[in-house]
Amino acid sequence: MPRALTDGSAEDSVRVGGHEVHGLPVDLETRCVHWHQPWDVVALALPCCERLHPCRECHDAVAGHEAQLWPPDRFDAEAILCGACGSPMSIERYLAADACPCCAAVFNPGCRLHRHRYFAEQPASAGAARAG
Ligand SMILES: [Zn+2]
Ligand SMILES: [Zn+2]
Ligand SMILES: [Zn+2]
């Protein structure tokens, strides 16, 4: 069991820029037990509860219900919070950015690999399969 966050500052819910973030020990820049590199400073809300969590694993651990993904037509929702400065931003803006538009904190590029756990991608098959 990694114990990187047990320095006394981590809790299961914190306020970051006036927004409450829920999860497994969360620090004041929204890192959690799952993701706690220096650049893991993003919290996300999912449409099922619209509460902020540092990651999907945190949501599943504390929410008590099945996660829903954001459909592409709701990517304008301000569901992302920069943990470094506490500024909310839209999903659209987050997906297009490598760093926070407000404070320039660099986001973990590895998060892109997990997008499908938060955001329903557009059907990948535009024009690919024409059978039927
Ligand atoms: Zn939820
Ligand atoms: Zn987590
Ligand atoms: Zn920021």
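Here a colleague and a modeller talk through how to read this predicted model.

Colleague: Where do I start, and what is the mean pLDDT of the protein?

Modeller: Start with confidence. The mean pLDDT here is 87, with 85% of the residues at 70 or more. Keep residues 126-132 apart in your mind: pLDDT stays under 50 there, and the model gives that stretch zero contacts beyond four places in sequence.

Colleague: Fine. What pattern does the protein follow along the sequence?

Modeller: Take the elements in order and you get β-β-β-β-α-β-β-α, that is, two helices and six strands.

Colleague: Next, the core. Which residues touch the most other members?

Modeller: The general idea is that nonpolar side chains tend to be buried together in soluble globular proteins. In this model the largest nonpolar core has 27 residues, and Val-42, Ala-43, Leu-44 and Ile-80 touch the most other members. Strands 1, 2, 3 and 5 and helix 2 each supply at least two of its residues, with the largest share, four residues, coming from strand 3.

Colleague: And what is Ile-80 in contact with, leaving aside neighbours within four places in sequence?

Modeller: Val-42 and Leu-44 on one hand, and Pro-88, Met-89, Ile-91 and Tyr-94 on the other.

Colleague: Now Asp-60: buried, exposed or partly exposed?

Modeller: Count C-beta neighbours inside 10 Å; 20 or more would make a residue buried, 12 or fewer exposed. Asp-60 has 16, so it counts as partly exposed. Asp-60 sits in helix 1, residues 56-63, and its C-alpha is 8.9 Å from that of Gly-23, 37 residues away along the chain.

Colleague: How much of the protein is buried overall?

Modeller: Buried residues make up 30% of the 132.

Methods:
Residues numbered from 1 in each chain as written. Chains lettered and ligands numbered in written order. Predicted model: local features only at pLDDT ≥ 70, side-chain atom pairs only at ≥ 80, totals over all residues. pLDDT = per-residue confidence, 0-100. Contact = placed C-beta atoms within 7 Å. Core = buried A, V, L, I, M, F, W, Y, C linked by C-beta atoms within 7 Å.
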